[in-house]
Amino acid sequence: MVKVQKGFTLIELMIVIAIIGILAAVAVPQYSQYTKRAKFSEVKLAVSPIKSAVELCRQRNAGAADCGTTGSGINSGITQTQLDRAASASLVGAVTLTGGATPVVTASPVDGAEGFADTDTYIITATIADIAGELTIVDWTESGAGCDNGYC
């Protein structure tokens, strides 16, 4: 009489469980980092309107250096209201602008929100070039503690 095997042996089941455990040990930290980067995109997005406003201000003023939070009128810099509006998202604690020759926009998350610290900043710094005698913003460089932590 021939004995036919029905089902799996104990060792086969243990091998499958070990493989699943190894995959889970790799996948969970990667997924956690992925979700943090996705949530940090809200902080990154907060600097976009300020970045555009600085570029527009410099164009209107023929490359004038100061587009900070001073002045009024169409050729003026960025207002505090614009900065407050940019920081109105639920994960964004503050958005600041340092004007001058090289504009720097900084956004920081709300301390403790979604596991972020307020020191996990996102900073963009303008790269200025002289094009046809006018100082123009040609690029923005990302930096900050949030980028150092892998959220950018």
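Two strands are taken to pair if DSSP finds at least two bridges between them. With that in hand, the strands of this predicted model can be walked through one pairing at a time. Strand E2, residues 104-109, is joined to strand E3, residues 122-131, by four bridges, and the two run antiparallel. Within this part of the structure, Val-105 sits opposite Ile-124 of E3. E3 also pairs with strand E4, residues 134-143, again in the antiparallel sense, this time over nine bridges. Here Ala-126 has Trp-140 of E4 as its bridge partner. The hairpin of E3 and E4 has two residues between the strands, and Ala-132 takes a positive phi there, near 55°.

The loop between E2 and E3 is where Asp-118 is found. Asp-118 has a relative accessibility of 39%, so it counts as partly exposed, the cut-offs being under 20% for buried and over 50% for exposed. Setting aside residues up to four places away in sequence, Asp-118 touches Ser-108, Pro-109 and Asp-111. As for Val-92, it lies 26 residues from Asp-118 along the chain, and the C-alpha atoms of the two are 9.1 Å apart.

Turning to the helices, H1 (residues 10-46) and H2 (residues 48-60) have axes that come within 5 Å of each other and cross at roughly 20°. H1 is therefore roughly parallel to H2, since angles under 35 degrees count as such. On the H1 side the contact is made by Lys-44, Leu-45 and Ala-46, and on the H2 side by Ser-48, Pro-49 and Ile-50. Sorted by character, the residues of this contact come out as four nonpolar, one polar and one charged.

Helices and strands come together in the largest nonpolar core, which has 24 residues. Ile-50, Val-95 and Val-105 are the ones with the most contacts inside this core. Two or more residues each come from H1, H2, helix H3 (80-86), strand E1 (92-98), E2, E3 and E4. Ile-50 thus turns up twice, as part of the H1 contact with H2 and among the best-connected residues of the core; Val-105, likewise listed for the core, is the residue that faces Ile-124.

What does Val-95 contact, leaving aside its neighbours within four places in sequence? The list runs to Ala-46, Ile-50, Leu-83, Ala-86, Ala-87, Val-105, Thr-106 and Ala-107. Val-95 is thereby in contact with both Ile-50 and Val-105, the other two residues named for having the most contacts inside the core.

Notes:
Residues are numbered from 1 along each chain as its sequence is written. This is a predicted model: local features need pLDDT of at least 70, side-chain atom pairs count only at pLDDT 80 or more; totals for chains, interfaces and linings use all residues. Side-chain values use heavy atoms; hydrogens and water are left out. Axes are lines fitted to C-alpha atoms, for helices over the stretch in contact, and angles run from 0 to 180 degrees between N-to-C directions. Angles under 35 degrees count as roughly parallel, over 145 as roughly antiparallel, 65 to 115 as roughly perpendicular and the rest as oblique. Contact means heavy atoms within 4.5 Å. Ala, Val, Leu, Ile, Met, Phe, Trp, Tyr, Cys and Pro count as nonpolar, Asp, Glu, Lys and Arg as charged, and the others, Gly among them, as polar. Buried means under 20% relative accessible area, exposed over 50%, partly exposed in between (1.4 Å probe, protein chains only). A nonpolar core is a set of buried Ala, Val, Leu, Ile, Met, Phe, Trp, Tyr and Cys residues joined through side-chain atoms within 4.5 Å.
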